Amino acid sequence: MDHQLPGHLAPVPDEISTVDLAVTGTLPTELTGRYFRNGPNPKPGEPVRHWFSGSGMLHGVRLREGRAEWYRNRWVRTNKVERFREDGSIDFSGGVANTSVREHAGRVFALVESSFPVEIDRELNTIGSHDFDGRLTTAMTAHPKEDPDTGELHFFGYSAIPPFLTYHRLAADGTLVASHEVQVPGPTMMHDFAITEHNVVWLDLPAVFDRELVGKTLPYRWSEGYGARIGVMPKTGGPVRWFEVEPCYVFHVGNACEDAQGRVVVDAVRYDRAAWMTLWPSIGGKEDPAEHAASTGTSKLHRWTLDPATGQVSEQQLDDRSVEFPTLNDLRTGKQNQFLYAVSHADLVKYDTASGATQAHSLGAGWHAGEAVFVPAEQARNEDDGWLLSITTHDDPEVPSRLLVHDATDLAAGPVATVHLPRRVPAGFHGTWIADEGENR
Ligand SMILES: [Fe+2]
């Protein structure tokens, strides 16, 4: 059955290339590089069973020395494979590669959590499925974490069949140097994770694989009996210390770190059960429609504090807004950070997690704010010295999208530059900034 996507998520039918884009305001000259953003964009005639399952499309904007040189959009050209082989194993070389885009060791990858990465070039052409010289034997999450001190890329793959969870580490030069199976009770949908200085943080939450749903929609549903656990594991591998938490779901982590007492602090957007029951059917997942109609849940920024010395865990809601797509200055990944950024419908939001203060910029009625990617300023002295890049989408399909550039130190002042894109860009998932060699990143 086809699922009808709402206006701001509706796909575009073709690929275009445009040069010399109009800009309102002043683009910082130091932003010389490429902003790439990924998201589902079913091809014409492609059935839509779930928002998450459409073919991946990349949108790119080339900025150079104060000018917006080009926009282009390209589908990620992935292999057509039979996912389940006759022997029951899974072929990870196909898939939709529709979730995020990341550069590591000079290669750019389009990522989806159910498949191998797909390498692309800097003009958005697909190079092909990549398995790190045959060493990667699981899918790769769309949310790898780069350690800012070592340049290593930590990631994982989860699966509907054993091994359910595997931890991997890429060296700074792009070599896959470690893979460890991690024991979890069942096949959960693990979209994101976190690293700290010494540890990896796992989210073992009750969105569980259901074989009955294979071929109908994304085969995951809320499990009343699965429980919910956050796990802390040394980056070197070894046993996981699990902490039981109130059942919830987390798509995205803002950051995690170790505090002065050795506790692990995790900031993430938490969906309570009601929020899951509202969200999942609305984007194509099958849950009880009657319950869907009655649900009014929230996805709010939360903090879990896990104390390995005592086994205690505490949980704190940090804000009342319903938000998604938390981001930060990636140079603080796994370390104590003061600032997080997020989107709340038409608003871009900045959190000062030390003081509890927030700042917001509202795009106005009908607009949807895309994930705000933080790019450090050239001469940055403070954590929030930098720029926030976000593609915005309007409900009206005739209204072209915009790439907004905000000064992250003063989000409420509004954008310093607006790049007028030549078409609507459907609201999607995750973007990245790829600086030219020698530029700020
Ligand atoms: Fe994501």
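Histidine 143, with a relative accessibility of 10%, counts as buried in a model that is predicted rather than determined by experiment. The residue sits in the loop that joins strand 9, residues 126-129, to strand 10. Leaving out residues up to four places away in sequence, histidine 143 touches His191, Asp192, Phe193, His252 and His430, and three of these names return as soon as one turns to the metal.

The iron ion takes its protein donors from His143, His191, His252 and His430, in each case through the NE2 atom, and these atoms lie 2.1 to 2.2 Å from the ion. The angles among the four donor atoms run from 91 to 167°, and the site is accordingly classed as irregular; for four donors to count as tetrahedral, all angles would have to lie between 85 and 135 degrees. Along the chain the donor residues follow the spacing H-x47-H-x60-H-x177-H. Histidine 252 belongs to strand 20, residues 249-258, whereas histidine 430 belongs to the loop between strand 32 (417-420) and strand 33 (431-435), so this pair ties together parts that are 178 residues apart in sequence. Histidine 252 and histidine 430 are both buried.

The record agrees on the residues concerned: in an unreviewed UniProt entry, the annotation "binding site" covers His143, His191, His252 and His430. Although these residues span 288 residues in sequence, no two of their C-alpha atoms are more than 12.7 Å apart, so they gather at one spot. From this set, His143, His252 and His430 are part of the lining of the second largest pocket.

Histidine 430 deserves a separate look. With a relative accessibility of 3%, it counts as buried, because the cut-off for that class is under 20%. Apart from neighbours within four places in sequence, its contacts include the other three donor residues, His143, His191 and His252, and they also include Phe36, Arg37, Asn38, Thr99, Ser100, Val101, Phe325 and Glu371. Strand 33, on one side of the loop that holds histidine 430, contains isoleucine 434, which is buried with a relative accessible area of 1%. The C-alpha atom of isoleucine 434 is separated by 8.5 Å from that of arginine 102, a residue 332 places away along the chain. When residues up to four places away are not counted, isoleucine 434 touches Gly33, Arg34, Phe36, Glu103, Val108 and Arg122.

Strand 20, which carries histidine 252, has 10 of its 10 residues buried, so the strand is largely enclosed by the rest of the structure. It pairs in the antiparallel sense with strand 21, residues 264-271, over seven bridges, and one of the residue pairs across these strands sets alanine 256 against its bridge partner, valine 266. The two strands form a hairpin with five residues between them, and in the turn glycine 262 has a positive phi of about 80°.

After these strands, what does helix 1, residues 273-282, keep buried? Its buried residues are Ala275, Trp276, Met277, Trp280 and Pro281. The helix is followed by glycine 284, whose phi is positive, near 120°.

Strand 10, at one end of the loop that holds histidine 143, leads to a further sheet. Four strands form this open sheet in the order 10-11-12-13, with antiparallel pairing. Strand 10 (145-146) and strand 13 (176-181) stand at the edges and have a single partner strand each, so one side of each is left without a neighbour in the sheet. Strand 13 pairs with strand 12, residues 165-170, in the antiparallel sense over five bridges, and within this pairing leucine 170 stands opposite leucine 176.

One last position lies in strand 4, residues 56-64, where glycine 56 is found. Glycine 56 is buried, with a relative accessible area of 0%. It is 22 residues from threonine 78 in sequence, and the two are 8.8 Å apart in space, C-alpha to C-alpha. Not counting residues up to four places away in sequence, glycine 56 touches Asn38, Gly39, Arg74, Trp75, Val76, Val96, Ala97 and Asn98; Asn38 is also among the contacts of histidine 430.

Notes: Residues numbered from 1 in each chain as written. Predicted model: local features only at pLDDT ≥ 70, side-chain atom pairs only at ≥ 80, totals over all residues. Heavy atoms only, no water. Pairing = 2+ DSSP bridges. Donors = N, O, S within 2.8 Å, 3.2 Å for Na, K, Ca; no water. Tetrahedral: all angles 85-135°; square planar, octahedral: opposite > 155°, others 65-115°. Buried < 20%, exposed > 50% of the residue type's maximum accessible area, 1.4 Å probe, protein only. UniProt positions renumbered as here; feature names shortened; annotations may be inferred. 1 Å grid on protein atoms, 1.4 Å probe; cavity = no way out; pocket = protein on both sides within 12 Å on 5 of 7 lines; lining within 4 Å. Contact = heavy atoms within 4.5 Å.
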